[in-house]
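Student: Could we go through this structure together? I would like to begin with the terms and then move to particular residues.

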Amino acid sequence: ARVAVRLGLLERAEGLFLMAAAEFPSVAEDIQRVKLLRADVCKAEALLAAGDAERALACLAGALAAAPKGLALKLLHVRILLACKRFEAAGRACDGVRAGLAAGRTGKAAAGAEGAEATLRLL
């Protein structure tokens, strides 16, 4: 479940923590943390859609720190940076996504990489 968090798979992580809670009550804190991260991501998406990119950027910060390999979060981060007109930061973030994609091109990851690269081209 903690690996799922680092990969930005927050919904899956929450489900795994919930399954583990019966045997390991100590994961209750992890469940709450993941719920808060998911709420922050949803709030960031809503703020971006409402045109409040600066607040969206602040909301996403915690999730980005908790999920350093979260591709969907990184792409959302790029979109928010562009909406904030922080073009240099958005370019660096795109470069970071591309570097991460190049490093992990095997099997299913390669298919995800192609989709992410297509998204980056659209941005």
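Tutor: Helices here are DSSP runs of H or I with at least four residues, numbered from the N terminus. The model is a predicted one. With that usage, L82 lies in helix α5.

Student: Is L82 buried or exposed?

Tutor: L82 falls in between and counts as partly exposed, because its relative accessible area is 26%, and buried would require under 20%.

Student: What separation is there between the C-alpha atoms of L82 and A53?

Tutor: Those two C-alpha atoms are separated by 8.8 Å, while the residues are 29 apart along the chain.

Student: Stepping back, how many helices and strands does the protein chain have?

Tutor: The protein chain has seven helices and zero strands. Read along the sequence, the pattern is α-α-α-α-α-α-α.

Student: And what share of the residues is buried?

Tutor: Buried residues account for 35% of the 123 residues in the protein chain. About 7,300 Å² of the protein chain is exposed, with 59% of that area supplied by carbon and sulfur atoms.

Student: What about contacts between residues at least 6 apart in sequence: how many join residues at least 24 apart?

Tutor: Of those contacts in the protein chain, 47% join residues at least 24 apart.

Student: Now pockets. What is the volume of the second largest pocket?

Tutor: Its volume is about 190 Å³. The lining includes G8, L10, E11, R38 and C42, and also L73, L76 and R79.

Student: Which helix gives the most to that lining?

Tutor: Helix α5 gives the most to the lining of the second largest pocket, with five residues. At least two residues each come from α2, α3 (28–49) and α5 (71–83).

Student: Changing topic, which residues make the nonpolar surface patch of about 250 Å²?

Tutor: That patch is made by V3, L7 and L9. L9 sits in the loop between α1 (2–6) and α2 (10–21).

Student: Why can L9 belong to a patch?

Tutor: Patch residues need over 30% relative accessible area and no salt bridge. L9 meets the area condition because its relative accessible area is 39%, and it counts as partly exposed.

Student: One last residue: where is K85 found?

Tutor: K85 is in the loop between α5 and α6 (87–103). Its phi is near 65°, a positive value in a residue other than glycine.

Student: Is K85 buried or exposed?

Tutor: K85 counts as exposed, because its relative accessibility is 62% and the cut-off for exposed is over 50%.

Conventions. Residues are numbered from 1 along each chain as its sequence is written. This is a predicted model: local features need pLDDT of at least 70, side-chain atom pairs count only at pLDDT 80 or more; totals for chains, interfaces and linings use all residues. Side-chain values use heavy atoms; hydrogens and water are left out. Patches are made of residues with over 30% relative accessible area and no salt bridge: like charges are joined within 9 Å, nonpolar side chains (Val, Leu, Ile, Met, Phe, Trp, Tyr) within 5 Å. Accessible areas come from the Shrake-Rupley method with a 1.4 Å probe; for residues, only the protein chains shown count as cover. A salt bridge is a side-chain nitrogen of Lys or Arg within 4 Å of a carboxyl oxygen of Asp or Glu. Buried means under 20% relative accessible area, exposed over 50%, partly exposed in between (1.4 Å probe, protein chains only). Contact means heavy atoms within 4.5 Å. On a 1 Å grid over the protein atoms alone, a cavity is a set of points where a 1.4 Å probe fits but cannot get out, and a pocket is an open set with protein on both sides within 12 Å along at least five of seven lines; lining residues have an atom within 4 Å of a point. Grid points are joined across faces, edges and corners, and a volume is the space filled by probe spheres set on the points.
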